[in-house]
Amino acid sequence: MSAKLGEILVRESLINSQQLREALEYQRSNGGRLGSNLVKLGLISDDVITAVLSRQYGVPSINLDLFQIEPETIKLISHDVALKYSVLPVSKVGATLTLAMADPTNVFAMDDIKFMTGLNVEPVIASETSLNDSISKYYRSATAIDLLDMDEESAYERISAKLGKAGNGNGNGNGKQKSAIRSGTAVAERILESDLNVSLDRFEFDAHEAGDLEVIEDNDEIDLAELAIASEDAPVVRLVNVLLVDSLRRGASDIHIEPYEKDFRIRFRIDGVLYDVMHPPMKMRDALISRIKIMSKLDISEKRLPQDGRIKIKVKVDNRSRELDFRVSSLPTLFGEKVVLRLLDKDKLMLDMTKLGFEQQSLEIFQRNIIKPYGMVLVTGPTGSGKTNTLYSALQSLNTPETNIMTAEDPVEFNLHGINQVQMKEQIGLNFAAALRSFLRQDPNIVLVGEIRDFETAEIAIKAALTGHMVLSTLHTNDAPSTVSRLVNMGIEPFLVATSVNIIQAQRLIRRICKDCKEEQKVPVEALVEIGFSKEEAPNVKTYKGRGCNACNNTGFKGRVGLYEVMEITDELRELIIIGASAIEMRKRAIELGMITLRHSGLYKLREGITTIEEVVKETVL
């Protein structure tokens, strides 16, 4: 990104070549972004950098000094996350969060925040300086609001609840504690006023009250023998078995086992949405988690580090013998280990591309490009958008005895006969780049790289695509046109991107309306026009929703379908990539050439009565 920004600034005569060299030298010594270093050196203003970045990425810019952000919006993202990614939530409208970012290409930040908040993220650019100032301002004031909004009585009740004691054994306990809280609140006010520059000698507490405090320590000792015996206890074994089988019956994709301070919760993710299913007694927590760790061959004595494993079982469900495969991930949290099990159900793996939800035109373009002898096919989208299923479907259609197909995956989700699949192992140096380098010595026709995460992997993949191999891979970007900018920002030359990439496909998964309780829904014509239908078409569109029934667990939805945005790299688009056109320009030209966007794919599903307006609006933008 640095070199690209520097070239633009020189080209537009905003700085000269000598100043750029000076800034790059400063950056090598001190780190940080090129833009912020230019500002620090006094060579350019924050506003100019923000305007240039806005044009470069096709993302709107924002002046945070002119905004007053609501405290409820600030609370959507924690202070730590805001500092880690240099971002600030600006506003929330419906299911969309507008996020001010110093680097709008940071898709990992957007994915994390989308996962944490459950909202779609719409990035806008703000200068690094104004972001840092605003983060300091808003998160400090948010803390102040939390402390100072308490009246004395509510403060007393809350602190008493924390202490668990209401006095020191005599009748004056309440009065003394209320007095201490009043002085404590005053101290809190002074702390906030002086920005935490306060010494400990300003706190005054009664000696009797100090005696009432009890320190609770976590006991980290683990009796492994006792834990192993408890995990084999009949109720624990039965509960785990019920969870695994019930998740299959309900059509769940994930099981979340989550310990909290005074609660133990189990949730299923069904059709992309989490549902509470059980709250077992707290005394079963350690035994249940240990049982799962033993089944997945994890170390039950290791509770401080994340672990990954796998469970393979054969079970009889509804008079039918089934093999279940679960991917297991354990993560240490504040009150114990959280365990997530991902159900890898071969019966749900859809390898017929015609049933994935492609529009006919998009499907023809996709199929035409995957059978080419060389080049690159990129599938993009957030975690859980069905990218793996699409790529496996493509491989299955190409899997013939005459073809050598090799895949590098992390993890390998399904075993496909006739395809050489390699599991990545970072701890021994087997990463995507190393695997891809080895593949090229194995005489492959088709190579699948699980994900392009860095410059090295991208560079080898593009070289493979240019030397007679078909390469399929995934990236984390919001739509098809912005994938080009992502590759260029990784350091790949635009002419290499233009000549190697055949097709870029963005996708999302949305819920299907349950067929058993589907009914028509009256929606104003204005609302249909607002989401993208033409004024002529809107009056004739019928929309539907699910009423809720036993078949769909009263949700109104059953199953999911894909939305697809397929951008074929034509000669016209190649010319735009080579001259460094923005994602907005490429998107506009691709639409003129007939590309169906994610939103229009969603509108097609609406017209067909497959999904609801809410699902389309939640996952796509105009």
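# Working through a predicted fold

A search of the whole structure turns up three aromatic pairs. In one of them, the rings of Phe358 and Phe366 have centres 5.5 Å apart and planes at 25°, so that pair is stacked. Keep in mind that this is a predicted model. The exercises below start with those rings and then move around the chain.

## Exercise 1: the aromatic cluster

Work out which residues the ring pairs link into a cluster, and what the Phe358–Tyr564 pair ties together.

*Solution.* Start from Phe358, which we've already seen paired with Phe366. Phe358 is buried, at 10% relative accessibility, and Phe366 is buried too, at 0%. Next, look at Phe358 and Tyr564: their ring centres lie 3.9 Å apart with planes at 15°, so this pair is stacked as well, planes under 30 degrees being the cut-off. Now place the two partners. Phe358 is in the loop between strand 9 (336-343) and helix 15 (360-370), while Tyr564 is in strand 18 (residues 557-568), so the pair ties together parts 206 residues apart in sequence. Both Phe358 and Tyr564 are buried. Put the pairs together and you get a cluster of Phe358, Phe366 and Tyr564.

## Exercise 2: charges over rings

Find which ring Arg511 sits over, and which ring Lys518 lies over.

*Solution.* Take Arg511 to begin with: its charged end sits over the ring of Phe557, 4.0 Å from the centre. Then go to Lys518, which lies over the face of Tyr544, 4.8 Å from the ring centre.

## Exercise 3: helix 16

Decide whether helix 16 is largely enclosed or largely open, and check its span against the expected one.

*Solution.* First the span. Helix 16 (residues 387-398) has twelve residues and reaches 17 Å from first C-alpha to last, close to the 16 Å expected at 1.5 Å a residue. Next, burial: nine of the twelve residues are buried, so the helix is largely enclosed by the rest of the structure. The buried set is Lys387, Asn389, Thr390, Leu391, Tyr392, Ser393, Ala394, Leu395 and Leu398. One general point helps when you look at that list: an α-helix has 3.6 residues a turn, so residues three or four places apart point the same way.

## Exercise 4: two buried acids

Take Asp254 and say which side chains it makes polar contacts with; then do the same for Glu413 and Arg327, giving the distance.

*Solution.* Asp254 is in strand 4 (residues 252-259). Its relative accessibility is 7%, which means it counts as buried. Its side chain makes a polar contact of 2.8 Å with the side chain of Ser253 and one of 2.6 Å with that of Arg342. Set aside neighbours within four places in sequence, and Asp254 is in contact with Arg267, Phe268, Arg269, Val340, Leu341 and Arg342.

Now for Glu413, which is found in the loop between strand 11 (405-409) and strand 12 (420-423). At 16% relative accessibility, Glu413 is under the 20% cut-off and so counts as buried. The side chains of Glu413 and Arg327 are joined by a polar contact of 3.3 Å. Beyond four places in sequence, Glu413 touches Arg310, Arg327, Leu344, Thr388 and Tyr392. Tyr392 should ring a bell: it is one of the buried residues of helix 16.

## Exercise 5: three strands

Trace how strand 2 pairs with strand 1 and with strand 3, and say which way each pair runs.

*Solution.* Strand 1 (residues 87-93) and strand 2 (residues 96-101) run antiparallel and are joined by six bridges. As a spot check, Ser91 has Thr98 as its bridge partner in strand 2. These two strands form a hairpin with two residues between them, and Gly94 in the turn has a positive phi of about 60°. On to the other pairing: strand 2 and strand 3 (residues 120-125) run parallel, again with six bridges. Here Ala100 has Val124 as its bridge partner in strand 3.

## Exercise 6: His79

Is His79 exposed, buried or partly exposed, and which residues does it touch?

*Solution.* His79 lies in helix 6 (residues 79-85). Its relative accessibility is 36%, so it counts as partly exposed. Leaving out residues up to four places away in sequence, His79 touches Ile135 and Tyr139. Between the C-alphas of His79 and Tyr138 there are 9.4 Å in space, against 59 residues in sequence.

Definitions and conventions. Residues numbered from 1 in each chain as written. Predicted model: local features only at pLDDT ≥ 70, side-chain atom pairs only at ≥ 80, totals over all residues. Heavy atoms only, no water. Helix = DSSP H or I, 4+ residues; strand = E, 2+ residues; numbered from the N terminus. Buried < 20%, exposed > 50% of the residue type's maximum accessible area, 1.4 Å probe, protein only. Contact = heavy atoms within 4.5 Å. Phe/Tyr/Trp six-rings, centres within 6.5 Å; stacked < 30°, edge-to-face > 60°. Lys NZ or Arg CZ within 6 Å of the ring centre and 35° of its normal. Expected span 1.5 Å × (residues − 1). Polar contact = N/O pair within 3.5 Å; in protein donor to acceptor, adjacent residues only side chain to side chain. Pairing = 2+ DSSP bridges.
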